[in-house]
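Please open the structure in a viewer and keep the selection tool at hand. The tour below proceeds stop by stop, stating what to select and what is found there.

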Amino acid sequence: MFDRLREDIAAIRERDPAARSAWEVVTCYPGLHAIVLHRFAHACWKAQWRWLGRFVSQVARFLTGIEIHPGATLGRRVFIDHGMGVVIGETAEIGDDCTIYQGVTLGGTSLTRGAKRHPTLERGVIVGAGAKVLGGFTIGADAKIGSNAVVVKPVPAGGTAVGNPARIVMPAVEKKRSDEPAKSGFCAYGITPNADDPVSLAIHGLIDHASTQTQRIDEIVAALERLGARVEALNAADGAALVDLKRLCTSMDGKTEERAASLDR
Ligand SMILES: CC(C)(COP(=O)(O)OP(=O)(O)OC[C@H]1O[C@@H](n2cnc3c(N)ncnc32)[C@H](O)[C@@H]1OP(=O)(O)O)[C@@H](O)C(=O)NCCC(=O)NCCS
């Protein structure tokens, strides 16, 4: 029991830059208190002392603001940061090294008693503040759920899901993990440097394509005119469309000024 507590404390200190000492973690982290109480509630639940399990879970909720059903299965080194408003349903399963922020719901959408109604988080999943994961599907290992996302479908291992309804913004990647928490590759708050959204990349690609085509058409028109053909100038509506394209390009992000300049050429 003390081994589990020690590794829980170590995991919190590793994953929360604000945690300054083991004493602070033991005394001031409701996520830790909720998990310790859940272990007792879960043991009662498995021993068929269902009411006692529910009662311990209610006491934990009263003390911490975190509601974990005693039937839920939690792995090792699970960290619930801040925790207020977290709800974890009866058939939820949370793998080792998962991190859950405040306001997360691991909820169900079906009322079928005895069915798997709540999600399974595989190892190392990070669920951002306020996210809702609803249904009995699986979130793959090392996946990240953005804050306030509403996830209603499985997320592949290593994927990142954001929005409502959540969409995958980064392709799944194979990531090597280490069993040692210090080498687990955890990124505080789930932030990945230099990651890019494939939807955004696709739009940038389309803008580039449109820009290249415009340039080619201008060249063809110039060549035709050199051969003596007369080509009508762009009417006002087409010109406006071109301006919009430039505005879209510059508004996509700060890194697209080169693309906007290329549209001017
Ligand atoms: C989802 C998350 C893990 C992605 O982080 P990341 O890997 O660094 O990815 P990026 O920040 O590059 O974002 C990728 C794209 O998703 C978008 N995005 C990121 N987080 C989002 C969110 N929560 N909701 C909607 N869109 C989001 C970004 O705007 C970006 O889109 P763009 O490429 O069109 O600009 C992170 O933003 C997040 O929400 N982490 C949880 C943090 C948290 O809950 N903290 C609580 C601390 S108390």
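**The whole chain**

Begin with the complete model, which is predicted. Display it as a cartoon: the chain holds seven helices and 15 strands. Of its 265 residues, 30% are buried. Among contacts with a separation of 6 or more, 34% join residues 24 or more positions apart.

**First stop: helix α1**

Select helix α1, residues 2-15. This helix has 14 residues and reaches 20 Å from its first C-alpha to its last, close to the 20 Å expected at 1.5 Å a residue. Next, colour its buried residues, which are Asp-8, Ile-9, Ala-11, Ile-12, Arg-13 and Arg-15. The elements that cover them include α2, α3, β3 and β6 (99-100).

**Second stop: Tyr-29**

Move on to Tyr-29, in the loop between α2 and α3. Is Tyr-29 buried or exposed? Tyr-29 is buried, because 24 other C-beta atoms lie within 10 Å, where 20 or more is the cut-off for a buried residue. Add Ile-12 of α1 to the selection. Tyr-29 and Ile-12 stand 17 residues apart in sequence, and their C-alpha atoms are 8.9 Å apart in space.

**Third stop: helix α3**

Now select residues 30-46, which form helix α3. With 17 residues, α3 reaches 24 Å from its first C-alpha to its last, close to the 24 Å expected at 1.5 Å a residue. Which residues of α3 are buried? They are Gly-31, Leu-32, Ala-34, Ile-35, Leu-37, His-38, Ala-41, His-42 and Trp-45. When viewing such a pattern, recall that an α-helix has 3.6 residues a turn, so residues three or four places apart point the same way. To see what covers the buried residues of α3, show the surrounding elements, including α1, α2 (22-28), α4 (50-64), β1 (67-68), β2 (73-74) and β3 (79-80). After α3 comes Gln-48, whose phi is positive, near 70°.

**Fourth stop: the five-stranded sheet**

Turn to the strands and select β1, β4, β7, β10 and β13, which form an open sheet in that order with parallel pairing. The edge strands are β1 and β13 (150-151), each of which pairs on one side only. Within this sheet, select β7 (residues 105-107) and β10 (residues 132-134), which pair in the parallel sense over three bridges. Gly-107 stands opposite Leu-134 in β10.

**Fifth stop: the four-stranded sheet**

Select β2, β5, β8 and β11 next: these four strands form an open sheet in that order, and the pairing is parallel. At the edges stand β2 and β11 (138-139); each has a single partner strand, so one side of each is left without a neighbour in the sheet. Strand β8 (residues 120-121) pairs with β11 in the parallel sense over two bridges. Here Leu-121 has Ile-139 in β11 as its bridge partner.

**Last stop: Lys-144**

Finish at Lys-144, in strand β12 (residues 144-145). Why is Lys-144 counted as buried? It is buried because 27 other C-beta atoms lie within 10 Å. Select Val-125 as well: it is 19 residues from Lys-144 in sequence and 5.8 Å from it in space, C-alpha to C-alpha. Leaving aside neighbours within four places in sequence, Lys-144 is in contact with Ile-126, Thr-160 and Gly-190.

Key: Residues are numbered from 1 along each chain as its sequence is written. This is a predicted model: local features need pLDDT of at least 70, side-chain atom pairs count only at pLDDT 80 or more; totals for chains, interfaces and linings use all residues. A residue is buried if 20 or more other C-beta atoms lie within 10 Å of its own, exposed if 12 or fewer, and partly exposed in between; C-beta atoms are placed from the backbone. Two residues are in contact if their C-beta atoms, placed from the backbone, lie within 7 Å. The expected span of a helix is 1.5 Å times one less than its number of residues. Two strands pair if DSSP finds at least two bridges between them.
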